[in-house]
Amino acid sequence: MLHEDFMRQAIYEAQKAYSRDEVPIGAVVVKDGLVIGRGYNLRESHQDPTLHAEIIAIREASKNLKSWRLTGCSLYVTIEPCAMCAGAMIQSRLENLIFGAWDPKGGCVGSLYDLVTDNRFNHRVEVIQGILEDECRELMQNFFRQKRLRRG
C-alpha cells in the first residue's frame with residue numbers, strides 16, 4: 001500500500017472523532033503493511049487529556065505486538081503531533097512518522113519544536129509530511145468552522 005492509502009485510513013479515524021464532536025485527528029500504526037493500531041481523539045468525551053489519536057493507536061499497536069517497542073512500525077496521523085505524542089513516539093521507538101497537515105499552534109515535529117529528530121534523544125523518528133495535506137487540513141478547518149457557527 002502507498003502512504004496515501006494508510007493516510008486515508010487515518011482520515012477515516014479522524015472522521016469518527018468529528019462525528020463525536022471531538023477534534024478530528026486520526027491515526028494508524030502500520031507494521032509490515034498491516035494496520036496494527038488505530039485511534040482517534042477522545043479527550044472531550046472521556047475528559048482525559050492523554051486520549052489523543054496517536055496515543056490510542058500506539059497503545060493498541062503495543063498491545064497487539066505484546067511489546068512497548070514499536071520497532072519497524074510507522075505511524076500515520078492526519079495532523080502534526082503535539083509534544084506529548086511526539087514524546088510517545090520516541091519512547092515507543094517508532095521508526096517512521098507520516099503526517100498530513102502542519103499544526104502551527106501546537107505541532108512539535110517541526111512547527112514549534114522538532115522533538116522526534118532531536119539528536120539529544122536516544123531515538124529519532126524519520127518524518128514524512130504533507131501526505132493528503134489538503135484533505136487533512138480541510139477536515140480540521142471544517143470542524144472549527146462548524147464549532148464557531150454553533151456558538152453564534
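Begin by selecting E22, which in this predicted model sits in the loop between α1 (3–19) and β1 (26–31). Although E22 is buried, it has no salt bridge, and the nearest side chain of opposite charge, that of R20, lies 5.3 Å away. Where, then, does the side chain of E22 reach? Show the backbone of E44 as well, and you will find that the E22 side chain comes to 3.0 Å from the backbone nitrogen of E44. To see the wider surroundings, add the residues that E22 touches, leaving aside those up to four places away in sequence: A17, N41, L42, R43, E44, S45 and F143.

The last of these leads to the next stop, since F143 is one of the buried residues of α5, together with C136, L139 and M140. Viewed down the axis of α5, its buried residues fall within an arc of 90 degrees, so they line one face of the helix. If you now display α1, β3 (73–79) and β4 (96–101), you will see the elements against which the buried residues of α5 pack. Select the whole of α5, residues 133–151, and you have 19 residues that reach 27 Å from the first C-alpha to the last, close to the 27 Å expected at 1.5 Å a residue. Just after this helix, pause at G152, which takes a positive phi of about 75 degrees.

Finally, move to K63, which is found in helix α3 (residues 53–65). Is K63 buried or exposed? K63 is exposed, with a relative accessible area of 66%. Adding G39 to the selection shows a residue 24 places from K63 in sequence and 13 Å from it in space, C-alpha to C-alpha.

Methods. Residues numbered from 1 in each chain as written. Predicted model: local features only at pLDDT ≥ 70, side-chain atom pairs only at ≥ 80, totals over all residues. Heavy atoms only, no water. Helix = DSSP H or I, 4+ residues; strand = E, 2+ residues; numbered from the N terminus. Buried < 20%, exposed > 50% of the residue type's maximum accessible area, 1.4 Å probe, protein only. Lys, Arg positive; Asp, Glu negative; His and termini not counted. Salt bridge = Lys/Arg side-chain N within 4 Å of Asp/Glu carboxyl O. Polar contact = N/O pair within 3.5 Å; in protein donor to acceptor, adjacent residues only side chain to side chain. Contact = heavy atoms within 4.5 Å. Expected span 1.5 Å × (residues − 1). Arc of directions from axis to C-beta.
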